[in-house]
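Me: Could you take me through the aromatic pairs in this structure, and then the pocket? I would love a close look rather than a quick list.

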Amino acid sequence: MKPVWPLFLALGAVWLAGCISGRDAGRADARRDLSKGVLGIEAFGQHPSYEIDDYYPLLRERYGIRVLDFGCLVDDRTIEYVLGYNEIMDAEMARRFGTNYWRQALESVRQNYESKQRQRMEQQR
């Protein structure tokens, strides 16, 4: 007869993995990324094109922040994961850059986008 302990070990690992909340998993991953020197923001939902095309790259260039966007269709666990991840990262980025660093970057991108839109409208006239 084969030993059954490997089966119980595997089932226990699967059970434990399911017991960690999405938020706790996000926090753990954020701490791991910080220990590697990685700054990140995780997002979901629908975003204006200028955020994806201009804002995310600006965060990378100006602050070294990578953005991972999960898109529009996410489950509850992913939402909780993102909230936990960003909870840890937001605190670290506020410590490094101040609490309004992202507002300044987003506002400059938004103004640039609106300016380009006005120029396009004038060219079409």
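Reply: Happy to; here are the aromatic pairs, followed by the pocket. Please keep in mind that this is a predicted model.

The structure holds 7 aromatic pairs. One of them joins Tyr63 and Tyr101, with 5.1 Å centre to centre and 70° between the planes, an edge-to-face arrangement. Tyr63 belongs to helix α3 (residues 49-63) and Tyr101 to helix α5 (residues 101-124), so this pair ties together parts that are 38 residues apart in sequence. Both Tyr63 and Tyr101 are buried. Together with Phe97, Tyr63 and Tyr101 make up one aromatic cluster.

Tyr81 and Tyr85 form another kind of pair: their ring centres are 6.2 Å apart and their planes sit at 25°, under the 30 degrees used as the limit, so the pair counts as stacked. Tyr81 and Tyr85 are both in helix α4 (residues 76-97), 4 residues apart, which means that about one helical turn separates them. Tyr81 is buried at a relative accessible area of 17%, and Tyr85 is buried at 0%.

Now for the pocket. The largest pocket has a volume of about 230 Å³. It is lined by 14 residues, of which Ile41, Ala43, Tyr55, Leu59 and Trp102 are the closest to its centre. The elements giving two or more residues to this lining are β1 (39-43), α3, α4 and α5. Helix α3 gives the most, with 4 residues. By residue type, the lining of the largest pocket has 9 nonpolar, 2 polar and 3 charged residues.

Methods. Residues numbered from 1 in each chain as written. Predicted model: local features only at pLDDT ≥ 70, side-chain atom pairs only at ≥ 80, totals over all residues. Heavy atoms only, no water. Phe/Tyr/Trp six-rings, centres within 6.5 Å; stacked < 30°, edge-to-face > 60°. Buried < 20%, exposed > 50% of the residue type's maximum accessible area, 1.4 Å probe, protein only. 1 Å grid on protein atoms, 1.4 Å probe; cavity = no way out; pocket = protein on both sides within 12 Å on 5 of 7 lines; lining within 4 Å. Points joined across faces, edges and corners; volume = space filled by probe spheres on them. Nonpolar A, V, L, I, M, F, W, Y, C, P; charged D, E, K, R; others polar.
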